Every structure is written in structure tokens, then in C-alpha cells.
Amino acid sequence: METGVIESSSREAAALLLQKYDIFVTYLEEQEGQEPFFKNIKIEGRVSRKDLAIFFRQLSVMLESRVPVVQSLSSLAVQTRKSNFKKIITEVSSLVQEGTPLSEALSNYPKIFDNFYVNLIKSGEVSGNISGTLNYISEHLERENDIVTQLRQAMIYPIFVVCVLLVVLGIIVVEVMPRIVDLIKETNSNPPFFTVMMLNFYQFLGRKYL
């Protein structure tokens with residue numbers, strides 16, 4: 001017997017995902033996250049690539065399991081936690097129930113569903129392989145999300161270094177340079193070339209910003 005963790009919006013969706021990979025589930029437990037400190041503050045985030053990847057993945061699994069499109073969308077709407085995304089899925093479900101193709105229903109929300117994905121779904125509807133198309137879109141979004149995450153992580157260190165350098169430069173300009181200027185005036189000495197350049201830079205900043 002093996003144990004593991006799967007990310008999904010509900011137990012039902014997790015079970016469907018596992019069934020797709022021929023995994024027989026004997027026990028499924030939802031892991032509750034910690035309660036937020038500010039319980040009464042609700043921040044509605046935008047629909048991310050990760051949200052869309054999960055949505056298309058679960059919709060693909062449901063359709064492959066012969067669950068009707070309208071029922072699948074309604075189920076996903078109930079499971080979705082973001083109210084703005086929940087509303088959109090509900091509206092898409094209503095349009096499909098009225099006879100609108102899924103691709104056309106999704107195209108009404110171009111800010112959420114990119115035209116590229118809508119056209120892929122339209123092709124899937126024509127070819128009769130909409131489940132496979134949705135699965136492909138999900139994998140594509142997951143790869144995009146991984147790349148963006150890696151890029152953000154790679155940028156953290158350079159940004160940190162730049163911030164530290166700016167702080168050090170600020171300390172030099174505000175604390176060190178005035179003392180050097182006073183020292184040169186007191187000793188009436190000829191400073192090295194590098195020090196002269198630093199003094200000129202300090203005086204330039206003083207005229208412009210200080």
C-alpha cells in the first residue's frame with residue numbers, strides 16, 4: 001500500500017484524477033491549511049495559470065469519465081474557491097446548457113481564457129478529442145507556471161544584491177562622504193584621484209537631490 005499527496009479542489013476531483021492513472025483509492029483525507037490570522041479580510045486574487053491548469057485538468061478527467069460537460073462545469077464551479085472564477089465557470093456552464101459550444105462559451109472571457117486555448121478546444125470539439133485537448137492545455141499551463149516560478153526564484157538573489165548595494169551606497173553618501181570632506185578641509189591635503197571622483201559624485205548628488 002502506498003500513500004501520497006495530490007493537489008485538487010475537492011475529494012471528488014482528486015478521486016477522478018487518481019482513477020485516470022488506474023490508482024485505486026482506499027482512503028482519501030483532505031489536508032486543512034492553517035486558519036488565516038485576519039479571518040475577516042478577504043482578498044480576491046486573479047485567476048492564475050495554476051488555477052486554469054487545475055480547471056482544465058479536472059474538466060478533462062471528468063469528460064474522459066463520461067461525465068456530461070454541463071455537469072462537469074457545475075461541479076467545478078461548486079469546488080472552486082475564488083468567487084470571480086466560480087462565477088465565470090457558472091456562466092460558462094449556463095451557456096453550454098443553452099447549446100453554446102464550450103469553446104464559444106469560453107471565448108466570452110478572453111481575459112481568463114486565452115484565444116490560443118479557445119482555438120485548441122474548438123479543434124478538439126471538431127476532432128472529437130476534447131478531453132485530450134483539455135489535458136494538453138493543462139500540461140502546457142503547468143509548464144508555463146513552472147518556468148515563471150523558476151524565473152522569479154532566479155531573480156530574487158540579484159534583486160537582493162542590488163538592494164544591498166543601494167543601501168551601502170546610501171550610507172556612504174549620507175554618513176561617510178561628509179566626514180571625508182570635513183577631514184580634507186581640516187588637513188588641507190590633496191586626496192587621491194579615486195577620492196576626488198567620489199567627492200565630485202557626492203557634490204553632484206548634493207546639488208541634485210540632497
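Analyst: A helix here is a DSSP run of H or I that is at least four residues long, a strand is a run of E of at least two, and both are numbered from the N terminus. The model under discussion is a predicted one, and under that rule its chain comes to eight helices and zero strands, which read along the sequence as α-α-α-α-α-α-α-α.

User: What share of the residues in the chain is buried?

Analyst: Buried residues make up 29% of the 210 residues in the chain, where the cut-off for the word is a relative accessible area under 20%. The accessible surface of the chain comes to about 15,200 Å², with 58% of it belonging to carbon and sulfur atoms.

User: Why is the pair of Phe-55 and Phe-85 called edge-to-face?

Analyst: Two values have to be set against the rule, which asks for ring centres within 6.5 Å and, for this label, planes over 60 degrees apart. The centres of Phe-55 and Phe-85 lie 5.5 Å apart and their planes stand at 65°, so both conditions are met and the pair is edge-to-face. Phe-55 lies in helix H2 (residues 49–64) and Phe-85 in helix H4 (residues 83–97), so the contact ties together parts that are 30 residues apart in sequence. The rule yields a count of six aromatic pairs, and Phe-55, Phe-56, Phe-85 and Phe-113 form one aromatic cluster.

User: How do you know whether Phe-55 and Phe-85 are buried or exposed?

Analyst: Phe-55 has a relative accessibility of 5% and therefore counts as buried, the limit being under 20%. Phe-85, with a relative accessible area of 3%, is buried by that criterion too.

User: What makes a set of residues a nonpolar core, and which residues have the most contacts inside the largest one?

Analyst: The members must be buried residues of the nonpolar kinds, joined through side-chain atoms within 4.5 Å. The largest such core has 29 residues, and those with the most contacts inside it are Phe-55, Phe-56, Val-92, Leu-102 and Phe-113. At least two of its residues come from each of H2, H3, H4, helix H5 (102–106), helix H6 (115–127) and H7, while the largest share, seven residues, is supplied by H2. A second, separate core of six residues has among its members Val-173, Met-177, Val-181 and Tyr-202. As a general tendency, nonpolar side chains in soluble globular proteins are buried together.

User: Which residues does Phe-56 contact, leaving aside its neighbours within four places in sequence?

Analyst: Phe-56 is in contact with Leu-106, Phe-113, Ile-121, Leu-134, Ile-137, Ser-138 and Leu-141, contact being heavy atoms within 4.5 Å.

User: What makes the pairing of Glu-144 and Arg-49 a salt bridge?

Analyst: A side-chain nitrogen of Arg has to come within 4 Å of a carboxyl oxygen of Glu, and for Glu-144 and Arg-49 the N to O distance is 3.4 Å, so the pair qualifies. The bridge links distant parts of the chain, with Glu-144 in helix H7 and Arg-49 in helix H2, 95 residues apart. Glu-144, at 27% relative accessibility, counts as partly exposed, as does Arg-49 at 34%.

User: How many salt bridges does the rule give?

Analyst: The count comes to three. In one of them, the closest N and O atoms of Lys-82 and Asp-51 are 2.6 Å apart; Lys-82 sits in the loop between helix H3 (69–79) and H4, and Asp-51 in helix H2, 31 residues away. In another, Glu-142 and Arg-57 meet at 2.9 Å, N to O, joining helix H7 to helix H2 across 85 residues.

User: Why do Glu-142 and Arg-57 receive the labels they have for burial?

Analyst: Glu-142 has a relative accessible area of 31% and is therefore partly exposed, since that label covers values between 20% and 50%. Arg-57, at 11%, is buried, because the limit for burial is under 20%.

User: Why can Phe-201 belong to a surface patch?

Analyst: Patch members need over 30% relative accessible area, and Phe-201 has 37%, so this requirement is met, although the residue is classed as partly exposed. Phe-201, found in helix H8, forms the nonpolar patch with Val-162, Leu-166, Leu-169 and Phe-204, which together have about 440 Å² of accessible area. Helix H7 (130–187) and helix H8 (193–208) each supply at least two of the residues, and the largest share, three residues, comes from H7.

Methods. Residues numbered from 1 in each chain as written. Predicted model: local features only at pLDDT ≥ 70, side-chain atom pairs only at ≥ 80, totals over all residues. Heavy atoms only, no water. Patch = residues over 30% accessible without salt bridge, like charges linked within 9 Å, V, L, I, M, F, W, Y side chains within 5 Å. Areas by Shrake-Rupley, 256 points an atom, 1.4 Å probe, with all protein chains shown as cover. Buried < 20%, exposed > 50% of the residue type's maximum accessible area, 1.4 Å probe, protein only. Phe/Tyr/Trp six-rings, centres within 6.5 Å; stacked < 30°, edge-to-face > 60°.
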